[in-house]
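Biologist: Before I plan any reading around this protein, could you take me through the model, one question at a time?

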Amino acid sequence: METNIFRLEKNLYAVGNIGKNEHGGITRVAWSKEYYQAAEVLAQQMKAANLTVHMDELGNVIGRREGKNNDLPAIVLGSHLDTVVNGGIFDGNLGVAAALECLNTLNDNSYYTRHPLEIIALNCEELPELGGCFSSRVLLGRENTQTEEVLLELQKLGIDPRVLELRADTSKIKAFLELHIEQGKVLDDERIPVGIVNNIVGIMTYHITIIGEANHAGCTPMNKRKDAVMCAAKFLCKVEEIAKKYPHPFVWTVGELNVFPNASNVIPGRVELSLSIRDFSSKNMEEFICEVQKEANKETRCKISYNLHVYKPAVAMDERLVDIVESICKENGQKYKTMGSSAGHDAKEFGLHVPTVMIFVPSKNGVSHSPEEFSAMEDIKIGTDLLLETIIRIDEADI
């Protein structure tokens, strides 16, 4: 069986173009008008494939194809439907379109799996205010989804906090499969059309507050100041020094920094910043932040407080499923690379609870979260054909 790349491309762009701005970027953030428009178009595509479709309280769109034995757990496929602000067409959306194409191809060939098949297009994977992968974290009962910060953000969005009580029944899931663009340059640089993900990076994000003392910018001698910006600068230099002890792929980023009162004639009394850490070793991340907390205060006259906003441990993909995907590639003479993912994905949350694997297709020049995001259709077809064969193998396998 081969997937129909023309049908896939049509469905991909019909959903993906929703939220496009005049510069070609896509803005389809969680729970927005554009998100619900895309969800409706996707639901119609699913119904055309004879799936039973519904939307849950979180805004996830779920389509189900019955199997020969519906008492068996479902093989679940999917990715996210929302985008970053001014993002691209392929991130998330491709995984949903590829999953739908696999089920359409099964319909074309009157092929019925033993297990039921489900597609889930997840909402709120991208929204940083809610920590990312929000729907999958809620569905799988992960921590840090019922904090005061989350409740306030849901209130701002007009979302009923009872959505936090929604749960997936993992006993009814045989496996979770996600096809996704790589979002990096490894596959594109090495001219490899398929990545088989065996590990997904861990992410820790702290909200850090540095408290100094606001005072007159002209009348306060330099040796009497508690300048929160200078303290922040010393803090970040110490963070950089400590981080050098950890090898690639360990990374850290300060993506947000706010100064208060933010006036040219006032010594800053407070700085708030985000510190995000990523690595394939959760142990490394925990050791790093412990050393930062121990050593950074020695560098400054200011008080530093740490609030853990998001903690997503590194997650290994299921070895049996990785072996299945690798075996298919070897049998077909398909060039591939087994690799880790340096970006977080919904598959990581599912991987904590059910057998999970991801398939990557190349991103041109490694660009993502941008209007320039692009993956070639010939690579997409290779990845989608592989996804289809993986579904069939898992359906037959005793895992």
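Modeller: Let us begin with one helix, keeping in mind that this is a predicted model. Helix α8 runs over residues 282-295, and at 1.5 Å a residue its 14 residues should span 20 Å. The end C-alpha atoms agree with that expectation, being 20 Å apart.

Biologist: Which residues of α8 are buried, and what do the buried residues of this helix pack against?

Modeller: The buried positions in α8 are S282, N284, M285, F288, I289, V292 and E295. These buried residues pack against two strands flanking the list in sequence terms, β7 (202-211) and β13 (303-312), and also against helix α7 (228-243) and strand β12. The partners asked for are therefore, with contact meaning heavy atoms within 4.5 Å, β7, α7, β12 and β13.

Biologist: Is S274 buried or exposed?

Modeller: S274 lies in strand β12, which covers residues 270-279. Leaving aside residues up to four places away in sequence, S274 touches Y206, H207, T253, V254, G255 and E256. Because its relative accessible area is 7% and the cut-off for burial is under 20%, S274 counts as buried.

Biologist: Where is F280 found, and what is its relative accessible area?

Modeller: F280 is found in the loop between β12 and α8. Beyond residues up to four places away in sequence, F280 touches several others, among them N199, I200, V201, P249 and A314. F280 is classed as partly exposed, and its relative accessible area is 25%.

Biologist: How many ångströms separate the C-alpha atoms of F280 and L94?

Modeller: Along the chain, F280 and L94 are 186 residues apart. In the model, the separation between their C-alpha atoms is 25 Å.

Biologist: Which peptide bonds that lead into P249 and P261 are cis?

Modeller: P249, one of the residues that F280 touches, is found in the loop between α7 and β9 (251-253), and the bond that joins it to H248 is cis with omega of about 20°. P261 has its place in the loop between β10 (257-260) and β11 (266-267), and its cis bond has omega near 5°. The bonds asked for are H248 to P249 and F260 to P261.

Biologist: S110 and Q183 each have a positive phi although neither is a glycine; which of them is buried and which is exposed?

Modeller: S110, with phi of about 50°, is found in the loop between α3 (93-108) and β4 (117-122). Q183, with phi of about 70°, is placed in the loop between β5 (173-181) and α6 (186-190). Their relative accessible areas are 54% for S110 and 18% for Q183, so S110 is exposed and Q183 is buried.

Biologist: What is the radius of gyration of the protein?

Modeller: The protein has eleven helices and 16 strands, and its C-alpha atoms fill a box of roughly 80 × 40 × 40 Å along the principal axes. For 399 residues, a compact globule would have a radius of gyration near 21 Å, and the value for this protein agrees with that: 23 Å.

Biologist: What share of the 399 residues is buried?

Modeller: Among contacts with a separation of 6 or more, 79% are between residues 24 or more positions apart. The protein exposes about 17,500 Å², of which carbon and sulfur atoms supply 49%. As for burial, the share of the 399 residues is 55%.

Terms used: Residues are numbered from 1 along each chain as its sequence is written. This is a predicted model: local features need pLDDT of at least 70, side-chain atom pairs count only at pLDDT 80 or more; totals for chains, interfaces and linings use all residues. Side-chain values use heavy atoms; hydrogens and water are left out. Helices (H or I, at least four residues) and strands (E, at least two) are DSSP runs, numbered from the N terminus. Buried means under 20% relative accessible area, exposed over 50%, partly exposed in between (1.4 Å probe, protein chains only). The expected span of a helix is 1.5 Å times one less than its number of residues. The radius of gyration is taken over C-alpha atoms; the globule rule is 2.2 Å times the number of residues to the power 0.38. Accessible areas come from the Shrake-Rupley method with a 1.4 Å probe; for residues, only the protein chains shown count as cover.
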